Every structure is written in C-alpha cells, then in structure tokens.
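Trainee: Could you take me through one part of this model in close detail, and set that part within the whole chain?

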Amino acid sequence: MKSMKSSFSLALAALMLLLALPLAARAAAQPCACDTIVQLMVMGNYATPMYYADGDEQGRQAMLPMQFLMNERGESRLPITRKWEWEFDAAQDHRENPEYYFVFDYRVDQFENAQRLHEFVEAVCLATGHEKVAMTSTSQANSVMMTYLKEHGYGRARSLMFYNGSFQGTTFMGEALTDFQIGSLADFAEFLACTKRDSEMMAASMNLLTTLPGANRALRLPPANRLAEALAGRVIKHMPYMWTFFPAGYYEQVRDKLLVGPQYDYLRARLDKYHNEVQLHVPELLANAQKAGVKVAVVACYGVSAIPLTAKTDYQNDSLVDVAYSSVGATVAPIGQVLPPGDSPYRSPDGIIDAASCVLPDKTWFVKYKGHWWSDDVFREFQQWFIHSDGHPTVNSNPVYPQFMYVGDGELHALADEPERPPLPDTFVPAMAALLRVLAG
Ligand SMILES: [Zn+2]
C-alpha cells in the first residue's frame, strides 16, 4: 500500500515536472534583447484599495476602518489584503511602458511585504524577459526594499534609488508616541510656510504669523495625549508595519509601553526581528548594495518643519523623516542654525548639512524645500538621468544635479544658486497683523 502510494506520488511528480518544463523552458528561452530599462517603483499608498482575500466575499473591497484592525499577533482579523496577484499586468508591453508599480500592504510585517515584492520582481522579470530592473523606492517602501535586499539579495537590481527613506524610523513618530501634543499656531504656520515655500503669499503670511509677538502663547491649544493614546492603542499597536517607524532609541521604549503581557510574545518577536535584523543594519545593507556592484542613489529632502504634533520640532526633516535618517548618516544642524565652520567638501552651501558622515557620501543627494511625498513632476528627469546613466553616477557626475539642490517653481536647481527669500508684500501684511492682534487679544 505504502509503495503503491509513493509510486503514484512519483508518477504525479514526474507528470507535473513534464507539464512545467515547457513553461519554464519557454520563459527562459525568451530573454528580451531590447535596450529598454525595465523600471520598478515601490511605493506606500494609503489610498489604494484593500480587498477580502478569500471565502464568499472574495474580491469585495474593504472600506471601513474596523475592517483593517489587526489582532494581537499582528495579523488581519478579517482576510483582507492588497491584491498583488491581480495587480500585476503580465500583458503590459515593457517597450511601450517600462514602469511597473508595487504598492505594499501598509498594515503587515515587512517580511511579508518583502516576500510579495520578491514574487512581483520575479513576475516582472519573467514577463519582460529582462534579468534586472531599476528599482526606486519612496518613504516607508524603503523599509520593504531593505527587507527584500536582506532576504533575497541584490541580483535583480540594476540600480537602486532610495527617496526619503524612513527605513531608520523617524523622530516624529517616536516623539508622537512618547510626547504627543498639538503644536502652537505659530508652529503650524512655520510648518505651512516651509511646505508652501513656492508660494510667496503663503510664505509671507506664515512668516508673519510666526513672528507676531504673543501669537504663539495666546493661540496654543491644549495637549491631546488622549488622541495619541487612542491611536496607539487601537491602530498602531497591532500593525507591524507601523512599528518600523520607530527609530533606535524609541523602539524599545514604545514597545515596552504598549505591548505588555504574554499575549504579545508572538508580535514582539516579529517586531524585534525586523528591528534587529533590518532597521539596525540599514547602513550595512546600503553599503553592501554598492559592494555588489549596483549603482545607488540616496535622495534626502529637508528644509521643511516637522508636523507640529510633538514638542520636539527643531530637527531638519521633510515634514516627517529626519534628513539624518533619510540620508543615512548626514551631520545636520538643528533648524535655525548652521554647522560650525569647516572645509568638508560635502558641506551644503547653506551650512546646514555635511554629507561626509553619510554611508555613501558621493551617492547621496539633498533637496531643500521639498516635503516628504514623492512628486514625479519634480524628480522625474533626475530619476531618469540616474537610471539611464552609464557606470555609477556620483554627485559630481552632472552639473545639473549637484549634491545640494532646492525646489523652486516645481523644478530642481543648484542650492548654490538659491535666491534670497522674497520680501513680504506690503499690502497684505498689515491687514493680517491687525487681524491676528484682535485674535490674540
Ligand atoms: Zn525588452
């Protein structure tokens, strides 16, 4: 009986192998010889739909917040997921459209996302007949990318561009979970002034708000710690992905505060695994990409205040991620200050940044006055130049893209050419000042 069963299994396996061989042979026999570079964008997008993954409700879109809540093991209470399997379009002709988009599940463990990314990359390579893809990752997708590189290596990467990576966490999130408070109106004004730097009127009015005597104190709103606790307790706590936002120095403190009791042993182990095996090794994983012969670009934005929901707002960032983290190691002056004089060749013209301490100082670009979120319009030409350039471009390869740039009128310019900030318009300002004096009593 046993031998009959095993010979049947053997025959079945042989049949499956025979059936599978022509498929594999066909895929392997058709490498594409075109000179198109296949591109893969790895992005976080909270607006992409989530769906029921199995059962009678398969394919039905999940809409309500409670459908996304996770259990104590950091897993979906309901079978809801991103639909990777029908997100990928095998019929896409890469010679007409070489860009493939992977959007990860913003709730789950990054090791799960990295596995999905691996499957996606393999599917793209199989469908296009290209062995390597140019990868760009943005924001928290960088932590998915780092986990992918750690687990699956650098073999599929033709190039890697890391944009505003929160792969080492962010001070904003660490502070929000330990010392959340609504900022003053002046803090918000400074935040908006930096964010809307391109608009002269907005900048002028917000500059005024920040300098008006008494406005800060008079308009300060009460702390809202209860809101933070509700968020942490109901949403953040059970979502493994959210935990990747906490940098070293905050992670253990927040974990020990929120995950108390044996019911969290499993989740803690999963979170520790990401923190200890990936997040703490980002510099090494980045350096290894270069050692593996992959061309690399790190892009870090700054000159925008942190979202004023924490007491600490004096660090240079892109509204969400510290530039010291997104650049993987830059030395940065606090907001409103410059670094002590020095002759580092990696010092920014505004004196705020010294990139000499970065893991890849020659492959790290900085963009001032650019908020956290990826904008195709601003970066497209730079990204495509990097992807299509020969060899390993550095910050000295192209005078159009020096190490330090700023965004003005929706385009990149050399920071060395930055004009003075525009003067305040002289009709609008007195009217705003009068209004604020009334408001401030
Ligand atoms: Zn091709």
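**The open sheet and the helix packed on it**

Mentor: In this predicted model, the secondary structure of the protein consists of 15 helices and 13 strands, and of the 441 residues in the protein, 40% are buried. Among the contacts with a separation of 6 or more, 75% are between residues 24 or more positions apart.

The part I would look at closely is an open sheet of eight strands, whose order is 5-1-6-7-8-11-12-13 and whose pairing is mixed. Its edges are formed by strand 5 (99-103) and strand 13 (411-414), each of which pairs on one side only. If direction is ignored, neighbouring strands of this sheet are turned against each other by 25 degrees on average.

Within the sheet, strand 11 (residues 364-368) pairs with strand 12 (residues 404-408) in the parallel sense, over three bridges, and phenylalanine 366 has phenylalanine 404, in strand 12, as its bridge partner. Helix 14 (residues 376-388) packs on the sheet, where it touches strand 1 (39-43), strand 6 (133-138), strand 7 (157-163), strand 8 (295-302), strand 12 and strand 13. The direction of helix 14 makes about 150 degrees with that of strand 7.

Elsewhere in the chain, helix 4 (residues 171-178) is mostly covered, with six of its eight residues buried, namely Thr171, Phe172, Met173, Gly174, Ala176 and Leu177.

Key:
Residues are numbered from 1 along each chain as its sequence is written. This is a predicted model: local features need pLDDT of at least 70, side-chain atom pairs count only at pLDDT 80 or more; totals for chains, interfaces and linings use all residues. A residue is buried if 20 or more other C-beta atoms lie within 10 Å of its own, exposed if 12 or fewer, and partly exposed in between; C-beta atoms are placed from the backbone. Helices (H or I, at least four residues) and strands (E, at least two) are DSSP runs, numbered from the N terminus. Two strands pair if DSSP finds at least two bridges between them. Axes are lines fitted to C-alpha atoms, for helices over the stretch in contact, and angles run from 0 to 180 degrees between N-to-C directions. Two residues are in contact if their C-beta atoms, placed from the backbone, lie within 7 Å.
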